[in-house]
Every structure is written in structure tokens, then in C-alpha cells.
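Student: I'm new to this structure and would love a close look at just one part of it. Please pick a spot, then walk me through what surrounds it.

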Amino acid sequence: MTHVDRESELALVSRLRAGDAEAFDVVYDHFNARLFNFLARLSRRRDVAEDLLEETWLRLVARARRLRPDTRLAPWLFTVARNLYASYCRSRLVEDSHAAGLIGLWPFGSPRPTPFESTAANETERRLEAALAGLPVRYREALLLVAVEGLRPAEAADVCGVSSETMRQRLSRARALLASRMDPTVTPAVGWSKLARHEVT
Amino acid sequence: MTPDELRDPMLLSLGRLSAISPDPSGAERVRSRCRAELTRRRHRAERTARRRILTRRFLAPAFVGGFCLLYLSAVVYDVMQLYVVR
């Protein structure tokens, strides 16, 4: 948890394990908006984010009694949310970059703006949102977890089920890719164009 | 990614992006649903625990006690048979 110390977090986990609804409220208030923003930026769709968010909370409730006493709530919740999104992609055969590529082929088409682009405070923010939304999922999720949600790279690695070294590389590549998309005059490092086209979930 | 890269202005600006909120009525509905589910599960767990306590404290001793009584009765019966026959 970012703003709750570890001791309070352990106490909350203990209360959740006992089925305490008040503890659930505390956790819900702390994470609901963060999880929603994470899912909305990951899926780029508000309706999908809301469905997955509900499912994430129901998973917590269903598994509350079996939580380990030393569970870290932020990584646990983001792992569930991320895995639900991955399942959603598999079930719907949604592959973001392929879809974006197909939309790009449409003569009048450009990708639909994400919910964030329309509410961006200024042009820079709108461009940043658009650049973020255009990243392949593996890079987008890495940036969302570390730069937006404030998880440590090691925690983000656990969430994504990869090693710390892989996460470090992903973050580095994601940062370079984002920079190149923000500033088209910057040429990405060798191999970047290939990476940009390479979608992964 | 090095700690320096983590302090990159572009990454820092990602952390300051505007947030959007989930639909408030939907959020309340989810909260209520989860609270109800959590409470239901807690009650079910409590019932299971009570049943387990009942089994451990009363049913198991009663079963063992009954078995002992039966065994003792059989022994007494056998002894009496032995003496009555003589």
C-alpha cells in the first residue's frame, strides 16, 4: 500500500481473513479508483474496466479467508486485475496492437480515444495518454504499475509473473518507446519499430 | 531500468496524469454486493466452526463413551454367562 504503513496493512489483511466488512471498506476506498484507472488504461475501455473491477473485488471476497497473513494488498489486487484482463483478452481474442493496426488500415479510421484522452487536462497530457494507449500491452502494464501506481519494479515483476530483470528491461524499453511516440523526431533505438509492432499479452 | 530512469520527467508526469472515477452508483453496488458476500461467507464459516466444535466436544466423546459402554456391557454379559453356567 502506498499510503498505509505495513503494520496497518497486516492488520487489515488479518481482519479481511476474519471476514470483517469494515476492513473491506477501507481496502475498497483505498484501491477502487486506482484499480479502475489501471484497468481502464490497460483495456482502454470504460465498460470493460468496470466489469473487470467488479470481478477483482469479488475475487478478493472469495479468497479473503485464504489470504496469507503477510499478503501485500497492492500487488495482490493488481495481479488479480491484470490476470482478469489477460483472461478477458484471451476469451475475446482481443489483441490490442493487432486491433490498432487494423483500425489504422481503415481509410478514415484512427483508434478511438481512450476515456482518459477526452478528460486530459491539457494537450501534453492528451498526447501522453495517447502515446501510452498506443504501447503494446506488456510495456503499457509495466509503466502503469511502476510509474502510475507507484509499485516497486520487483512488485510489478511479481504482478506480471516475470523476473525482476525482465521487468527492468520492459520498463526501459517502454520508457524509450513512449519517448519516441511523444516526440516523433526521436528515432527509437535499433529494434524498437519491431518491438512496437510486436504485441504481447 | 535504473533509479535515474525512474526519476525521468516523462515517467514522473505519468504519475501525475488525471484520474477518472468509476461510476459512483456502480461502485456502491459493487461495494454492497461484496460486503453482503463477505458477511455471508463469514456466517457460513462461523456455522462450520460451531459444527466442528460441537463434533469435537460432544459427538466424538459421546461416540467413544457409547462404544466403551457397549464393550463393558459385553464383558459383563460374558462374565455373567460364565458364572450362571457354572
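Tutor: Let's start with one word we will need: a residue counts as exposed when its relative accessible area is over 50%, as buried when that area is under 20%, and as partly exposed in between. Please also keep in mind that this is a predicted model.

Our spot is the loop between helix 3 and helix 4 of chain A, where A:P69 is found. With a relative accessibility of 53%, A:P69 passes the 50% cut-off and therefore counts as exposed. To set the scene, chain A has 11 helices and 0 strands, and 49% of its 201 residues count as buried.

Now look at the two helices that this loop joins. Two packed helices are described by the angle between their axes and the distance between the axes. For helix 3 and helix 4 of chain A, the angle is about 125 degrees and the axes are 9 Å apart. An angle from 65 to 115 degrees would count as roughly perpendicular, and one over 145 as roughly antiparallel. The angle here falls in neither range, so helix 3 and helix 4 of chain A are oblique to each other. Their crossing is right-handed.

Helix 4 of chain A also takes us to the second largest pocket, since this helix gives the most to the pocket's lining, with 3 residues. The pocket holds about 210 Å³ of space. Among its lining residues are A:R68, A:D70, A:T71 and A:R72, along with A:P75, A:W76 and A:T79. A:E155 and A:D158 belong to the lining as well. The elements that supply two or more lining residues are helix 4 (73-92) and helix 9 (153-160) of chain A. By type, the lining divides into 5 charged, 2 polar and 2 nonpolar residues.

Helix 9 of chain A leads us on to a partner, helix 8 of chain A, which spans residues 137-148. The axes of this pair come within 9 Å and cross at roughly 140 degrees, which makes helix 8 of chain A oblique to helix 9 of chain A. This crossing, too, is right-handed. Just after helix 8 of chain A comes A:G150, with a positive phi near 75 degrees.

Helix 8 of chain A makes a good contrast with our exposed proline. Of its 12 residues, 10 are buried, so helix 8 of chain A is largely enclosed by the rest of the structure. The buried ones include charged residues, A:R140 and A:E141, as well as A:L143, A:L144 and A:L145. A:L143 also gives us a way to relate the two places: A:P69 and A:L143 are 74 residues apart along the chain, and their C-alpha atoms are separated by 29 Å.

Finally, step back to the loop before helix 3 of chain A. A:R44 is found there, between helix 2 (21-43) and helix 3 (46-63). Its phi is near 65 degrees, a positive value in a residue other than glycine. The relative accessible area of A:R44 is 22%, which lies between the two cut-offs, so A:R44 is partly exposed. The loops on either side of helix 3 of chain A therefore hold a partly exposed A:R44 and an exposed A:P69.

Note on methods: Residues numbered from 1 in each chain as written. Chains lettered and ligands numbered in written order. Predicted model: local features only at pLDDT ≥ 70, side-chain atom pairs only at ≥ 80, totals over all residues. Heavy atoms only, no water. 1 Å grid on protein atoms, 1.4 Å probe; cavity = no way out; pocket = protein on both sides within 12 Å on 5 of 7 lines; lining within 4 Å. Points joined across faces, edges and corners; volume = space filled by probe spheres on them. Helix = DSSP H or I, 4+ residues; strand = E, 2+ residues; numbered from the N terminus. Buried < 20%, exposed > 50% of the residue type's maximum accessible area, 1.4 Å probe, protein only. Axes fitted to C-alpha atoms, helices over the stretch in contact; angles between N-to-C directions. Parallel < 35°, antiparallel > 145°, perpendicular 65-115°, else oblique. Left-handed = near helix turned anticlockwise from the far one by under 90°.
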